[in-house]
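User: I have a structure to go through and would like some help reading it. May I show it to you and ask a few questions?

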Amino acid sequence: MLGFSVNKTFKIRLYTSNSFQYFRQRGDSPVDPPGPPRIEGYEEGNIIKAGEALTLICISEGGNPPPQLIWYRSNVQIDSTYYQMNGDGATANNLTFIVSAADNTGSYHCKTSNTATKEPLTASIKLSVYHAAFCVKLELLLDFDVVMERRHLRGFARLCFYSITTL
């Protein structure tokens, strides 16, 4: 009697409209990309004052394995402390900081990825920051001649500037 056995692993790819997953015939868990990230805690266009605390929350639904969520400011990584949300199937990363005038020089990005993504998925936000006033004291010296008499007048002026900047 002739007999044989097959000891191979096959990969099967299933395509859907916005993602793919594959699994091995032997029961491995499917690999699934995460959903696109979203940013909560600030609505773009709202004005926040310099010196106030702000918490931005980046959330991504799904993904197997759970995705990494990483915060960037002006393309520099600033926080990679993501966590699984309880029973929700979502992953989040909270970024808390004190807003300063310098926050107008770049935007905040949250990137999510796992082994099923070729490129990270990104969400971005730009802050509108109200700067405190800054004042400049100018000393004015007026010097003029009036009919053979030399007169000197001295005065002071205080100029204050306020700005709201949106990048």
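User: Which residues is Arg 38 in contact with, leaving aside its neighbours within four places in sequence?
Analyst: Please keep in mind that this is a predicted model. Leaving aside neighbours within four places in sequence, Arg 38 is in contact with Ile 57, Cys 58, Ile 59, Glu 61 and Ala 123.

User: Where is Arg 38 placed?
Analyst: Arg 38 lies in strand 3.

User: What polar contacts does the side chain of Arg 38 make with Glu 40 and Glu 61?
Analyst: The side chains of Arg 38 and Glu 40 are joined by a polar contact of 3.0 Å. The Arg 38 side chain also makes a polar contact with the side chain of Glu 61, at 3.2 Å.

User: Why does Arg 38 count as partly exposed?
Analyst: Its relative accessibility is 35%. Buried means under 20% and exposed means over 50%, so a value in between is called partly exposed.

User: And how far is Arg 38 from Ala 92?
Analyst: Their C-alpha atoms are separated by 9.6 Å, although Arg 38 and Ala 92 are 54 residues apart along the chain.

User: Which sheet does strand 3 belong to?
Analyst: Strand 3 is part of an open sheet of four strands, in the order 3-5-9-8, with antiparallel pairing. The edge strands are strand 3, residues 38-40, and strand 8, residues 83-84; each of these pairs on one side only.

User: How many bridges join strand 3 to strand 5?
Analyst: Three bridges join them, and the two strands run antiparallel. Strand 5 covers residues 53-61. Glu 40, which also touches on our earlier topic through its polar contact with Arg 38, stands opposite Ile 57 in strand 5.

User: What about strand 5 and strand 9, how many bridges there?
Analyst: Nine bridges join strand 5 to strand 9, residues 90-98, and these strands also run antiparallel. Leu 54 has Phe 97 in strand 9 as its bridge partner.

User: And how do strand 8 and strand 9 pair?
Analyst: They pair in the antiparallel sense over two bridges. Gln 84 stands opposite Thr 91 in strand 9. Strand 8 and strand 9 form a hairpin with five residues between the strands, where Gly 87 takes a positive phi near 60°.

User: New topic: Ser 60. Is it buried or exposed?
Analyst: Ser 60 is buried, with a relative accessible area of 0%. The cut-off for buried is under 20%, so this value qualifies. Ser 60 is found in strand 5.

User: What does the side chain of Ser 60 reach?
Analyst: The Ser 60 side chain reaches the backbone oxygen of Gly 35 at 2.7 Å.

User: Which residues does Ser 60 touch?
Analyst: Not counting residues up to four places away in sequence, Ser 60 touches Pro 34, Gly 35, Pro 36, Pro 37, Pro 67, Leu 69, Gly 89, Ala 90, Thr 91 and Thr 112.

User: Which residues touch the most other members in the largest nonpolar core?
Analyst: That core has 17 residues, and Tyr 42, Leu 54, Leu 56, Trp 71, Phe 97, Tyr 108 and Leu 127 touch the most other members. At least two residues each come from strand 5, strand 6 (68-73), strand 9, strand 10 (108-113) and strand 11 (121-125).

User: Which strand gives the most to this core?
Analyst: Strand 5 does, with three residues.

User: Where do strand 6, strand 10 and strand 11 sit?
Analyst: They are in an open sheet of four strands with antiparallel pairing, in the order 7-6-10-11. Strand 7, residues 76-79, and strand 11 stand at the edges with a single partner strand each, so one side of each is left without a neighbour in the sheet. The twist averages 35° from one strand to the next.

User: How many bridges join strand 6 to strand 7?
Analyst: Three bridges join these antiparallel strands. The bridge partner of Trp 71 in strand 7 is Asp 79.

User: Stepping back, how many helices and strands are there in the protein chain?
Analyst: The protein chain has zero helices and 13 strands. Of its 167 residues, 26% are buried. The accessible surface comes to about 11,700 Å², and 55% of that belongs to carbon and sulfur atoms.

User: What share of the contacts with a separation of 6 or more is between residues 24 or more positions apart?
Analyst: Such residues account for 56% of those contacts in the protein chain.

How values were computed:
Residues numbered from 1 in each chain as written. Predicted model: local features only at pLDDT ≥ 70, side-chain atom pairs only at ≥ 80, totals over all residues. Heavy atoms only, no water. Pairing = 2+ DSSP bridges. Core = buried A, V, L, I, M, F, W, Y, C linked by side-chain atoms within 4.5 Å. Buried < 20%, exposed > 50% of the residue type's maximum accessible area, 1.4 Å probe, protein only. Contact = heavy atoms within 4.5 Å. Polar contact = N/O pair within 3.5 Å; in protein donor to acceptor, adjacent residues only side chain to side chain. Axes fitted to C-alpha atoms, helices over the stretch in contact; angles between N-to-C directions. Areas by Shrake-Rupley, 256 points an atom, 1.4 Å probe, with all protein chains shown as cover.
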